[in-house]
Amino acid sequence: MLIECSYCNIHIVGHDSHGQLKKYKTKHGSRLKLLRRTLRERNVLANHVHELKVPDLDIPPLLPNGKRNVQYEEYRDLIASIVMACPNLERLIGFHKPYNHDFDRLTHALSTRKNLREHMWIITEYAAVTARSHYQFPPGLLDDDQVFQFLQFHSNWHKLETLLLYSPGPAGILEHDVFVRTFRLLPSLRHLCVSSFDADDFTDATLLSLPPLTSLRLEALPGLTDSGLTSFASSAAATSLRSLTLLHQNINSLLAICKLLATLTVLEKFTISQEPCPALPMGLLIMQPLLASLSLKHLHWDISSPPDTNHNTFFGPSLSPNTHLARSILAGGFPSLQILRSPSDICPPGALQAVCRPTRNAQILLPADKYSLPPSTTRGLSVFATSPAARNNAAEPLGPGASLQLARKRAQTLIDSTVTTSLATRPGDFIRVVVTDHSGPIEPPPKLTLDTNAHAIAAPTPSPPVMSPPTDRRSPTIPSAATIRINSLPLARSMSSDSLSANINSTPTSPILTESPPGSPSQPKPHTEVSFPRFMGRIDASSSHPPPKFVLTPDIPGNDADGGLVRFADLLSGSAGGGGRRKDGMAWYVRDSCTGTWNQSSVLGRNWWGHVERERGTEPRVKMMF
């Protein structure tokens with residue numbers, strides 16, 4: 001039973017070793033051939049295979065002269081033979097074949113798997129269709145045989161739940177009627193992603209013909225309009241939508257976004273990213289909260305600032321979408337919101353960061369950011385330093401950019417500037433910790449005497465001060481100008497003893513420790529002074545709905561481009577990003593490989609478990625697209 005369970009998810013990572021390729025006299029796919037032999041000989045194991053991951057070799061489908069690459073077709077057919085050996089296969093990952101309305105064995109093999117749950121179509125250019133488009137307008141660019149063949153592939157996919165349709169170039173054609181008929185063949189469809197199709201292929205009418213979905217991602221579809229999106233939000237198909245992603249849809253009206261959030265009553269995750277800035281009609285009476293959603297938990301808000309806006313001042317951006325969102329959060333428009341990610345929080349600077357919870361330890365930069373940022377931009381890494389040089393290093397917020405690494409630097413700069421302002425205007429709001437030099441002779445702990453008139457505990461020979469908390473203006477027992485200094489650990493222990501509390505006749509309001517005069521020989525030298533600064537953010541303890549958490553971490557660790565979202569390029573390249581940090585927190589340049597040593601306790605010896613060094617598989621999952 002254990003062996004059968006281990007064959008449920010088969011992941012083959014990296015390239016084959018040269019020794020194995022030489023042994024089996026093949027150029028590629030030696031491990032796949034061994035797997036195919038095992039699955040064909042043992043049908044019980046083949047019935048348990050639900051997920052198959054194969055390496056995507058760097059073999060181009062076409063040669064430089066435009067002819068078909070025989071090695072690519074052989075590798076594709078090898079994968080198809082393994083798919084045919086797995087009758088209960090649910091998903092194939094790692095190898096993504098483009099489809100140009102021409103027959104191939106791998107697509108046919110996948111179409112026969114009745115338990116398939118996930119599939120991605122990459123619609124590319126077909127020479128006959130491109131030639132026909134020169135003298136004919138859509139619809140009708142695809143002939144009847146091509147339409148019938150494409151629809152026939154979906155006839156057995158009654159359990160398909162996730163479908164991705166992507167056209168990497170403008171020549172990839174899949175017409176409106178084909179979209180509608182395809183959706184009708186998939187009764188279990190719940191997660192849909194459509195990207196980069198022509199305006200004549202995917203329109204508002206196509207959007208309104210979608211079945212009830214749980215997750216929807218629309219990316220770079222010029223055929224969709226603001227009215228089409230709002231009409232879809234009011235349709236019955238959108239009532240079950242829990243995740244909605246709109247990328248590069250160029251929504252012009254902010255009211256369309258307002259209606260989407262207000263109409264989708266069970267929406268939990270909303271992602272929007274676009275260059276044009278949506279606006280409100282002139283002369284419109286605005287009442288907050290303008291943007292509101294009772295069920296939303298995760299919000300990715302990446303909208304560029306209005307044109308001709310000064311990003312470094314608060315003058316003029318009162319009508320920016322960031323300002324409306326910040327005011328809506330303050331007005332209670334998002335009571336369930338837990339996470340807010342805004343890579344373009346620059347108009348005004350830090351408007352959304354200020355209405356969220358403060359970051360932990362006033363740090364929002366990742367540990368690996370100091371290796372990627374220029375030396376001049378890592379000055380704000382030490383936030384708690386209170387030296388004059390560190391106070392003057394708070395730079396102005398950086399300009400706009402889609403990189404999360406740049407957004408983290410902007411957010412950290414705002415935190416540092418808040419600290420600098422507090423040091424200059426409100427020095428009493430800090431908790432100061434003084435680190436002193438105790439290199440002098442060690443003295444025994446002093447004997448304590450009690451002065452009941454002054455309500456103070458006096459130490460004849462106190463030790464040097466270590467920490468001085470700030471004054472608490474809300475407490476009536478400590479004067480505003482007083483400080484408490486804990487001189488030594490033995491003294492602190494003696495304060496909490498039962499014998500001390502038993503000798504107190506009158507209960508003082510607050511014990512104050514006295515220390516030796518500054519000129520005493522036992523007085524140590526101050527070494528370093530560290531202050532815990534004011535936070536940037538909002539803490540609302542009186543409300544039952546806490547403020548959201550401001551997050552600037554990507555979906556894939558290290559992939560900070562495009563606001564940290566997972567793109568089709570990440571799925572096709574099988575890359576988990578680079579330039580940030582790995583999932584285990586190490587820097588991206590640290591090699592994370594495997595040689596099979598995890599199984600070295602086997603009695604069969606190293607020749608059985610050892611293999612050539614390969615990188616660990618870190619490809620993003622399709623579910624990360626939604």
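User: What makes the meeting of the side chains of Lys97 and Asp104 a salt bridge?

Analyst: In this predicted model, the side chains of Lys97 and Asp104 come to 3.0 Å, N to O, and a salt bridge is defined as a side-chain nitrogen of Lys or Arg within 4 Å of a carboxyl oxygen of Asp or Glu, so the pair qualifies. By this rule the count comes to 14 salt bridges. Residues are numbered from 1 along each chain as its sequence is written, and side-chain values use heavy atoms, with hydrogens and water left out. Local features need pLDDT of at least 70 and side-chain atom pairs count only at pLDDT 80 or more, whereas totals for chains, interfaces and linings use all residues.

User: Why is Asp560 called buried, and what is the salt-bridge partner of Asp560?

Analyst: Buried means under 20% relative accessible area, exposed over 50%, and partly exposed in between (1.4 Å probe, protein chains only); Asp560 has 7% relative accessibility and therefore counts as buried. Asp560 forms a salt bridge with Arg408, with the closest N and O atoms 3.0 Å apart. The pair links distant parts of the chain, 152 residues apart, with Asp560 in the loop between strand 17 (549-550) and helix 19 (568-573) and Arg408 in helix 16 (residues 404-425). Arg408, at a relative accessible area of 1%, is buried too.

User: Why are Arg181 and Asp177 separated by about one helical turn, and are they buried or partly exposed?

Analyst: They are separated by about one helical turn because they lie 4 residues apart in helix 9 (residues 176-184), where helices are DSSP runs of H or I with at least four residues, strands are runs of E with at least two, and both are numbered from the N terminus. Arg181 has a relative accessible area of 38% and is partly exposed, and Asp177, at 41%, also counts as partly exposed. Their side chains meet in a salt bridge at 3.4 Å, N to O.

User: How do you know that strand 2 and strand 3 pair?

Analyst: Two strands pair if DSSP finds at least two bridges between them, and strand 2 (residues 51-53) and strand 3 have 3 bridges in the parallel sense, so the condition is met. One of the bridge partnerships joins Lys53 to Ile93 in strand 3. The open sheet has 3 strands in the order 1-2-3, with parallel pairing, and its edge strands are strand 1 (9-11) and strand 3 (91-93), each of which pairs on one side only.
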